[in-house]
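Here is a briefing on one protein chain. Read it with the model open beside you.

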Amino acid sequence: MAKASEIKVGNILRFNNELVTVTEILHRTPGKGGAFYLGKFRNIKTGKIVEARLGTDEQVEICRVETNDYQYLYEEGDYFVVMDNVSFEQFNVPKALFGPSARFLKEGMDVIVSFESEEPIMAQAPNFVELEITYAEPAVKGDTSSGAQKYATTENGVEIKVPLFVNLGDKVKVDTRTGEYVERVK
C-alpha cells in the first residue's frame, strides 16, 4: 500500500477492485480545507476514464506489473498461447487483450504481454507485420488514377486494400493498429 502522494503517471493501481492506469494526477491546495489529489485513471479492461479525488494520506494499492516479450505459438479457442523466451513457460492470453491487431498475428511472432500476479492484463502485437498475399484481384487495365487500390487476402485470411501493382505471392508490410498497407517488401 502507498499514499496518494506517491502516485505517478503510468502507475497501475487497484482502484475500486478494478485495475486502472494513471493518466493524470494533480495536487490541489484550495484556500479553504485540506490539500487533495485529483486523478484521472483509465480502466485497463473497459478503457473507461474514471476521475477520483484522493486525500493526501489516503492509501492506494500500486500493482506490480511485469511486461515481457513472448513468442506467439498458436490459437486455442478464445486464447492465444504464448511462450516466455527465457523460461520457455507457456501462458494462455485472451484474444480480446490484443484488440483488432489480433487478426494479424502469425505463429512465431514476438508479442508484448503484461502480467499482474500471474494474470495477463495487457497485450500488444508488433506495430508492423510482413504478410504474404495469397489472393489478389486482377488490376483493371487503364485504372491508373492516383492512389487506385484493390482488395487482397493475406496468408492468415485477412482482407486488406493494396495498390494495383501488388500481386499474388508478394510480401507486404501491414500496420496492425490500423490494418492498412504500408509498403511492399522485397
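The points below cover the sheet, the aromatic pairs, the charges over rings and two buried residues.

The model is predicted. A search of the whole structure finds 6 aromatic pairs. An open sheet is built from 5 strands. Two of the pairs are described here, F80 with F98 and F91 with F115.

**The open sheet**

- The strand order is β9-β8-β7-β10-β11, and the pairing is antiparallel.
- The edges are β9 and β11, the latter spanning 119-124. Each of these edge strands pairs on one side only.
- On average, neighbouring strands of this sheet are turned by 45 degrees against each other, direction ignored.
- Strand β7 covers residues 65-76 and pairs with β8 in the antiparallel sense. That pairing runs over 6 bridges.
- Q71 stands opposite M83, a residue of β8.

**Aromatic pair F80 and F98**

- A pair of aromatic rings is described by the distance of the centres and the angle of the planes.
- The search of the whole structure gives 6 aromatic pairs, and one of them joins F80 and F98.
- The F80 and F98 rings are edge-to-face, with 5.5 Å centre to centre and 70 degrees between the planes.
- F80 belongs to strand β8 (residues 79-84), while F98 sits in the loop between β9 (90-94) and β10 (110-116). The pair therefore ties together parts that are 18 residues apart in sequence.
- F80 has 3% relative accessibility, so F80 counts as buried.
- F98 has 5% relative accessibility and also counts as buried.

**Aromatic pair F91 and F115**

- F91 and F115 form a tilted pair, at 4.8 Å centre to centre and 50 degrees between the planes.
- This pair links distant parts of the chain. F91 is in strand β9 and F115 in strand β10, 24 residues apart.
- F91 is buried, since its relative accessible area is 15%, under the 20% limit.
- F115 is buried as well, with a relative accessible area of 8%.
- Y70 joins F91 and F115 in one aromatic cluster.

**Charges over rings**

- R53 lies over the face of F36, and the distance to the ring centre is 3.8 Å.
- R177 places its charged end over the ring of F128, 5.3 Å from the centre of that ring.

**Buried residue M109**

- M109 is in the loop between β9 and β10.
- Is M109 buried or exposed? M109 is buried, with a relative accessible area of 12%.
- Which residues does M109 touch, not counting those up to four places away in sequence? They are Y70, Q71, Y72, F104, P126 and V129.
- Among these contacts of M109 is Y70, a member of the aromatic cluster with F91 and F115. Another of the contacts is Q71, the residue opposite M83.
- M109 and V82 are 27 residues apart in sequence. In space they are 9.6 Å apart, C-alpha to C-alpha.

**Buried residue T154**

- T154 is placed in strand β13, which covers residues 149-154.
- The relative accessibility of T154 is 1%, so T154 counts as buried.
- Leaving aside neighbours within four places in sequence, T154 is in contact with L131, E132, I133, T134 and I160.

Methods
Residues numbered from 1 in each chain as written. Predicted model: local features only at pLDDT ≥ 70, side-chain atom pairs only at ≥ 80, totals over all residues. Heavy atoms only, no water. Phe/Tyr/Trp six-rings, centres within 6.5 Å; stacked < 30°, edge-to-face > 60°. Helix = DSSP H or I, 4+ residues; strand = E, 2+ residues; numbered from the N terminus. Buried < 20%, exposed > 50% of the residue type's maximum accessible area, 1.4 Å probe, protein only. Lys NZ or Arg CZ within 6 Å of the ring centre and 35° of its normal. Pairing = 2+ DSSP bridges. Axes fitted to C-alpha atoms, helices over the stretch in contact; angles between N-to-C directions. Contact = heavy atoms within 4.5 Å.
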